[in-house]
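The following exchange asks how particular descriptions of a protein model are justified.

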Amino acid sequence: RQSGCIAAKGQGGPRPPESFEPAGMAAGRVLTGDAAWEVMQRAIAAHEAIPTYTCANPADLMSALEAGRATGRAICVRFDLDTVRFMAGSALDNTSGHASQLGAAVGAHMLQLLAPAYGVPVLCHTVAKRSTLAYLDGLLEIDREAVKASGAPVFSSHGLDLAADPLEQNAAVCAEYLAKLAPLGIPFEVRAPSENGETELLARLSKPGHRIITRGSTFDVYGLSATERNIKVLVYSATSVDQQYLEEANLAVGNRLQLTFSKDSLRLETVPLAAGCFAVSIFYHDDASTEVIISLARLGVRAIALRCPGFNHVDIAKAHECGMTVCRVPSLGHTSSAEHAVSLMTSLNRRLPQAFAKSKTNNFHLNGQLGFDMIGKRVGIVGTGRRGKITAGILKRGFDCEVIAFDPKPDKSVEEMGVRYVELSEIWQTCDIISLHCHLTPDTQHLVNEEALQMMKPGVMLINTSRGGVIDTKALLKAIKCKKVGSAGLDVYEFEKGYFFQNHSGEYIKDDILARLVRLPNVLITPHQGWMTRETMADMATTTVLNIVGISQTGKPPAYGAEGLSTEVSTPMNEELADFARYRKASTAFGGASPKGCMSTEDVSMSPMAEVKGDTKVAMFSSQPYDQEWFNRTNAQFGGKIEFIHHAPRLGVDTASLAAGAFAVCIFVNDDCSTPVVEALHAVGIKMIALRCAGFNNVDLKRAQELGIIVARVPAYSPHAVAEHAVSLMLTCARHIPMSWQRARAGDFSLEGKMAFELRGKKVGVVGTGLIGSIAAKILKLGFECDVLAYDVCENPKVAAPPPEGLGCRYVSLDEIWSTCDALTLHSPLLPATHHMLGQAAIDKMKKGMVIVNTARGGLIDSKALLNGLKRGIVGAAGLDVYEDESTSFFADLSNEVNEDDVMTRLISFPNVIFTPHQAFFTNEAMAEISKTTVSNINGVAETGEPPKQKGTLDTRVLPA
């Protein structure tokens with residue numbers, strides 16, 4: 001009633017705006033009692049409704065399940081005292097208290113057997129007296145101790161003894177109920193009374209496929225035989241996450257498997273753990289070599305179920321010789337791995353792990369954080385199978401990169417995206433970023449070797465989410481040390497076995513190369529976690545369980561997915577991938593000599609340049625070394641007409657006197673140009689305020705105009721830089737990249753706490769769809785295939801229009817974004833109307849686990865409300881490039897000082913909050929545009945009294961509204 005969805009008899013409640021999918025509610029699963037009530041309470045808290053049906057008879061129950069199947073949503077089935085009695089049928093006295101118990105049993109059994117047939121998750125609720133509720137729960141809840149002892153689900157009867165009642169009547173009731181299930185073809189077993197009612201019961205149930213066993217004076221109904229429910233399986237290399245998802249998948253098929261979990265990897269010494277098992281389930285680093293296979297076969301193991309696609313660590317021929325079936329998950333985590341590859345690129349580019357680590361010590365300086373715009377960069381994709389194809393799509397359609405690719409078998413659908421297939425040598429020689437997505441075979445072993453690395457552009461970024469052996473690690477380390485490779489993102493490592501998936505933080509790393517790599521600032525290592533998302537784990541667990549069940553029943557695992565991919569492994573890896581031999585001979589097919597030796601990655605355009613002193617003096621406040629470098633260079637390119645006088649302090653009332661004798665001041669986002677400061681600047685003769693940023697909320701424009709001071713800005717420097725940074729933060733939050741980076745540096749390569757989620761298909765809100773917001777929407781919509789919802793007071797036709805003219809995003813209210821999105825990114829200006837637009841009221845409406853990104857203005861978010869949302873678990877993660885009181889912290893190193901902002905200090909302490917110090921704009925391309933436009937503005941005002949338009953179209957002068 002609290003959720004507003006308890007309906008009249010036989011009819012469902014109001015349809016909620018979105019489907020509510022309770023955690024652990026697999027299709028066909030039935031939850032009762034406290035478990036059902038807990039899910040209902042969570043649904044109420046999430047402002048979701050679960051359609052509820054009060055069923056008075058079997059027809060009502062069938063209708064409810066049919067409705068659930070039609071909508072594909074969970075339902076709630078409700079029994080009250082009268083309807084429970086009615087379900088018992090006419091064979092018993094309806095005034096009997098026992099009739100309500102038996103009625104509840106009949107309804108519960110119907111749900112248990114019908115729900116899987118309809119594929120509907122069901123919450124079963126009754127308001128009958130406590131004894132009836134206990135009986136209902138007892139029939140459906142698994143007796144954990146019995147499961148532990150025998151591996152089979154046992155449903156307790158809570159002491160109901162049918163012998164106490166007229167057996168003929170009870171048998172008739174049960175037979176009437178079970179006979180209704182016979183046309184559905186659901187196999188079940190009946191353990192029937194051995195006395196008076198047995199004949200009637202057996203006669204009514206003489207249907208093919210039904211198993212009937214007489215036993216004492218009680219009966220139980222099961223969907224499976226005891227043999228089918230006692231398939232023993234040992235899961236090697238099991239984590240708590242493996243156990244959670246495999247148990248849920250097993251429950252969804254009626255607990256057919258008796259699962260045992262071991263943290264130990266499979267190797268010769270741990271084979272005895274599998275004694276008595278029908279199957280073992282293994283992962284990437286388990287050893288299934290010849291001797292291990294023979295030892296498993298001697299113990300009677302009949303199947304090896306891989307929880308991954310790769311099988312190069314399994315002796316397939318020996319397994320078949322020993323009569324073992326080997327199965328795998330043929331299509332595991334392609335989207336997850338592709339998104340992880342892009343996450344490694346963006347995290348490396350924008351130095352997000354370093355920003356995260358520095359913020360923990362109150363260091364918000366931008367030194368070392370300079371990145372580049374992804375748009376227009378040439379990216380090489382090596383291997384365009386499913387993962388490579390998805391990666392290419394994200395980069396091409398979303399980020400507008402120039403993508404080229406190599407694969408022995410070119411994919412026409414990849415070419416249709418505008419991706420050009422080339423030889424490997426062209427990728428080595430011309431790409432800014434190279435992403436590896438190929439299988440590991442003898443021909444791809446050390447595909448990236450010293451020769452290939454010598455061919456690459458200086459400063460190349462190398463990403464590997466395929467197999468560690470594809471890269472010659474020694475050659476890679478050498479190339480990084482001599483700055484040939486500018487950065488590397490590695491989700492796999494050539495010698496990862498024995499390290500990855502384990503915590504070695506209390507030990508020293510014996511592998512000298514790995515120990516060196518994890519300490520390099522431009523190397524990001526994640527311990528083979530690219531596949532690890534909620535979506536992939538559920539798929540892996542379900543496929544593994546179904547594979548084992550299929551082998552136990554028919555000797556073969558079932559096909560995978562809608563495409564019907566084979567899950568059985570019948571061919572050695574090297575034979576299956578014979579076509580990949582072209583990788584080796586293609587690596588040197590492109591013309592041109594290989595560059596010899598290591599080259600410096602220093603960009604010639606970034607070489608230091610002496611300061612040029614012109615006639616126009618400009619006092620630059622909040623000046624950093626990178627400002628001096630860029631502005632000195634640009635000033636020289638424009639004839640050296642300006643003499644920049646650099647001041648590290650911010651502009652304020654106390655520092656305005658430093659501008660004495662200058663024609664103009666050049667300021668940044670946190671400089672103070674309020675009324676008293678403007679008046680102080682006028683007093684020392686300042687004629688111009690040149691903003692080297694787009695925002696101007698820190699300037700009293702009206703007072704500046706009254707005093708004859710011209711204000712100019714940079715209206716657009718790199719909207720792509722900010723939009724890309726927003727998506728980078730979202731990816732990094734979803735992928736736990738900073739945690740992985742820090743833990744790897746300490747020798748911890750475990751996967752605990754790193755469960756991610758895929759962006760693909762998620763509902764993402766974009767608040768503010770101007771130039772930056774529309775680019776972010778494009779990356780998310782076209783690249784990651786998110787369901788993007790937009791909000792803006794002025795709708796952008798390019799965002800709303802259907803493809804190909806626009807993005808086809810739907811504009812909605814802020815309330816709909818707050819309440820329905822999985823993630824959101826803010827791109828609105830800071831105005832009185834938008835101040836604290838994301839406050840406590842907005843956070844209270846959000847789905848649990850919301851990811852919030854802000855690269856616009858800090859004041860859009862009420863920081864105290866955000867902190868409260870994080871504590872309550874409503875906000876799952878936050879990526880903040882701005883903060884409402886950032887002026888006292890950002891762009892400075894305060895690591896030796898006390899941060900007096902208690903809210904900020906508390907936010908920084910959260911492992912799921914990433915602070916970057918207003919660096920979204922900070923790319924090579926943006927700095928070039930900022931310095932060029934600012935120098936042009938100053939020269940224009942000095943020579944003509946007016947700043948020129950940026951690129952001939954955008955007004956740079958700022959006037960009061």
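Q: Which strands does helix H20 lie across, and at what angle does the helix run to E11?
A: In this predicted model, helix H20 (residues 534-554) lies across E8, E9, strand E10 (279-282), strand E11 (303-306) and E12, and the helix runs at about 160° to E11.

Q: What makes the sheet formed by these five strands an open one, and which strands are at its edges?
A: The order is E9-E8-E10-E11-E12 with parallel pairing, and strand E9 (257-261) and strand E12 (325-327) are the edge strands, since each pairs on one side only. From one strand to the next, the twist averages 20°.

Q: How do you know that E8 and E9 count as paired?
A: Two strands pair if at least two bridges are found between them, and strand E8 (residues 231-235) shares five bridges with E9, in the parallel sense; the pair therefore meets the criterion. Within this pairing, Ile231 stands opposite Leu257 in E9. Helix H9 (residues 240-252) packs on the sheet, where H9 touches E8 and E9, and the direction of H9 makes about 175° with that of E9.

Q: Which strands are the edges of the sheet with the order E15-E14-E13-E16-E17-E18-E19?
A: This open sheet has seven strands with parallel pairing, and its edge strands are strand E15 (420-421) and strand E19 (523-525), each of which pairs on one side only.

Q: What makes E17 and E18 a pair, and which helix packs against them?
A: Strand E17 (residues 460-464) and strand E18 (residues 485-490) run parallel and are joined by five bridges, where at least two are required, so the two strands count as paired. Asn464 has Leu490 in E18 as its bridge partner. Helix H18 (residues 473-481) packs on the sheet and touches E17, E18 and E19, with a direction that makes about 140° with that of E18.

Q: Why is Thr616 called buried?
A: A residue is buried when its relative accessible area is under 20%, and Thr616 has 14% relative accessibility, so Thr616 falls in that class. Thr616 lies in strand E20 (residues 616-620), and, leaving aside residues up to four places away in sequence, Thr616 touches Lys641, Ile642, Glu643, Phe663, Ile938 and Ala942. Across the protein chain, buried residues make up 57% of the 961 residues.

Q: What makes the lining of the second largest cavity divide as it does into nonpolar, polar and charged residues?
A: The lining consists of Ser622, Gln624, Tyr626, Asp627, Phe631, Phe668, Arg692, Phe891, Phe921, Met927 and Ile930. Because Tyr, Phe, Met and Ile count as nonpolar, Asp and Arg as charged, and Ser and Gln fall among the others, as polar, the division comes to seven nonpolar, two polar and two charged. The cavity has a volume of about 100 Å³, and the count of cavities of 30 Å³ or more comes to nine.

Q: Which helices each supply at least two residues of that lining, and which gives the most?
A: Helix H23 (625-637) and helix H34 (924-944) each supply at least two residues of the lining, and H23 gives the most, with three residues.

Q: How many helices and strands does the protein chain have, and what share of its contacts with a separation of 6 or more joins residues 24 or more positions apart?
A: The protein chain has 34 helices and 31 strands, and residues 24 or more positions apart account for 74% of its contacts with a separation of 6 or more.

Notes: Residues are numbered from 1 along each chain as its sequence is written. This is a predicted model: local features need pLDDT of at least 70, side-chain atom pairs count only at pLDDT 80 or more; totals for chains, interfaces and linings use all residues. Side-chain values use heavy atoms; hydrogens and water are left out. On a 1 Å grid over the protein atoms alone, a cavity is a set of points where a 1.4 Å probe fits but cannot get out, and a pocket is an open set with protein on both sides within 12 Å along at least five of seven lines; lining residues have an atom within 4 Å of a point. Grid points are joined across faces, edges and corners, and a volume is the space filled by probe spheres set on the points. Helices (H or I, at least four residues) and strands (E, at least two) are DSSP runs, numbered from the N terminus. Contact means heavy atoms within 4.5 Å. Axes are lines fitted to C-alpha atoms, for helices over the stretch in contact, and angles run from 0 to 180 degrees between N-to-C directions. Buried means under 20% relative accessible area, exposed over 50%, partly exposed in between (1.4 Å probe, protein chains only).
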